[in-house]
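Welcome! Let us take a walk through part of this structure together, starting with how its helices lie against one another.

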Amino acid sequence: MTNSRGQKDESHLVELPDHQELLNNTDWASLQTPTGTGEFLPAALARLLDADPVVRAAAVDNALGAVTHQNTIYEATVPVALYVAAILNHPATAAGDFRQEADRAPRYPTRAALLDWLSSTAYDADDECVAIGERSSGSAFLDECPDMRAFRDLRPAIYSAVHPLLGHHDANVRDAALVAAIPLAEHPVLTSHRGELADHARRLLTTSTDRYKRDRVLEALKEWGHNISGLENSDDIAAREFHARRIAENWAGGCAEDPPF
């Protein structure tokens, strides 16, 4: 059962641990990353709250990029995700200009960049990824991927930090929050939030030209049983048709799974 328009479901939202306690009380050196252990992570993660936006931008790459590689969830990814969720509402993540593209340097809050990372990580552990894994490895796939399972179990906690940002005054933040919330809401205790998310999705489609974000919300609305024919613009239709052609070409060439785009 979904909520009616404008009604917010705040059930299953939980309070996250303090970010400094997470930093101090996690045995980072024992956690696996793509390149070794996570002993460097406390200092790297702390820089996400630095007063200097250039330092924060580098920390997004150095700290968060160091625990994700080739769409894989690692042991260190899980506590890093919890830490990122815990600092989403910290004042430092809203301050200054995050340099999203060095050549153009647009204004992009660090908070939005953190949400982008949470979104990307959540999609790497979504139901579709599990279904693909089970088709190739069998029903025990998640048993063989405990780090992915741990992240999936953490989704209600992460969603609790993302949820308040769905109505943020900065469009970059609220749109990034929505795209992060969509895969998190696959968790069984969060499916009742989809009615609210659908309302936010329709709003995004009236205001945003971002191709990636539009594709994600249109895909979600369609999966949730909404008629999207009146929500697509000409660019959306062209992108959808192009994607369908690429899938057909890959299937014709012997590709067993949809291409990752």
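A crossing of two helices is called left-handed if the near helix is turned anticlockwise from the far one by less than a right angle, and right-handed if it is turned clockwise. With that in hand, turn to the model, which is a predicted one. Helix 10 passes helix 11 in a crossing that is left-handed.

Two packed helices are described by the angle between their axes and by the distance between those axes. For helix 10 and helix 11, which spans residues 194–207, the angle is about 135° and the axes are 10 Å apart. Angles over 145 degrees would count as roughly antiparallel, so helix 10 is oblique to helix 11. On the side of helix 10, the contact is made by Arg-174, Asp-175, Leu-178, Ala-181 and Ile-182, and these meet Leu-197, His-200, Ala-201, Arg-203 and Leu-204 of helix 11. Sorted by class, this contact has six nonpolar residues, one polar and three charged.

Now step back along the chain to helix 9, residues 155–162, which packs against helix 10, residues 171–184. Their angle is about 160°, and their axes lie 10 Å apart. Helix 9 and helix 10 are therefore roughly antiparallel. This crossing, too, is left-handed. Helix 9 brings Arg-155, Ile-158, Tyr-159 and Val-162 to the contact, while helix 10 brings Ala-177, Ala-180, Ala-181, Pro-183 and Leu-184. Eight of these residues are nonpolar, none is polar and one is charged. You may recall Ala-181 of helix 10 from the contact with helix 11; Ala-181 also takes part in the contact with helix 9.

Next, follow helix 11 to its meeting with helix 12, residues 211–223. The axes of helix 11 and helix 12 come within 10 Å and cross at roughly 140°, and the two helices are therefore oblique to each other. Helix 11 passes helix 12 in a left-handed crossing. Here Ala-198, Ala-201, Leu-204 and Leu-205 of helix 11 meet Lys-213, Arg-214, Val-217, Leu-218 and Leu-221 of helix 12. This contact has seven nonpolar residues, no polar ones and two charged ones.

One stop remains: the second largest pocket, which holds about 200 Å³ of space. Which residues lie nearest its centre? They are Asn-172, Asp-175, Ser-208, Asp-210 and Lys-213, out of twelve residues in the lining. Helix 10 gives the most to this lining, with four residues. By class, the lining has two nonpolar, five polar and five charged residues. Two names here are already familiar: Asp-175 is part of the contact of helix 10 with helix 11, and Lys-213 belongs to the contact of helix 12 with helix 11.

Note on methods: Residues numbered from 1 in each chain as written. Predicted model: local features only at pLDDT ≥ 70, side-chain atom pairs only at ≥ 80, totals over all residues. Heavy atoms only, no water. Axes fitted to C-alpha atoms, helices over the stretch in contact; angles between N-to-C directions. Parallel < 35°, antiparallel > 145°, perpendicular 65-115°, else oblique. Contact = heavy atoms within 4.5 Å. Nonpolar A, V, L, I, M, F, W, Y, C, P; charged D, E, K, R; others polar. 1 Å grid on protein atoms, 1.4 Å probe; cavity = no way out; pocket = protein on both sides within 12 Å on 5 of 7 lines; lining within 4 Å. Points joined across faces, edges and corners; volume = space filled by probe spheres on them.
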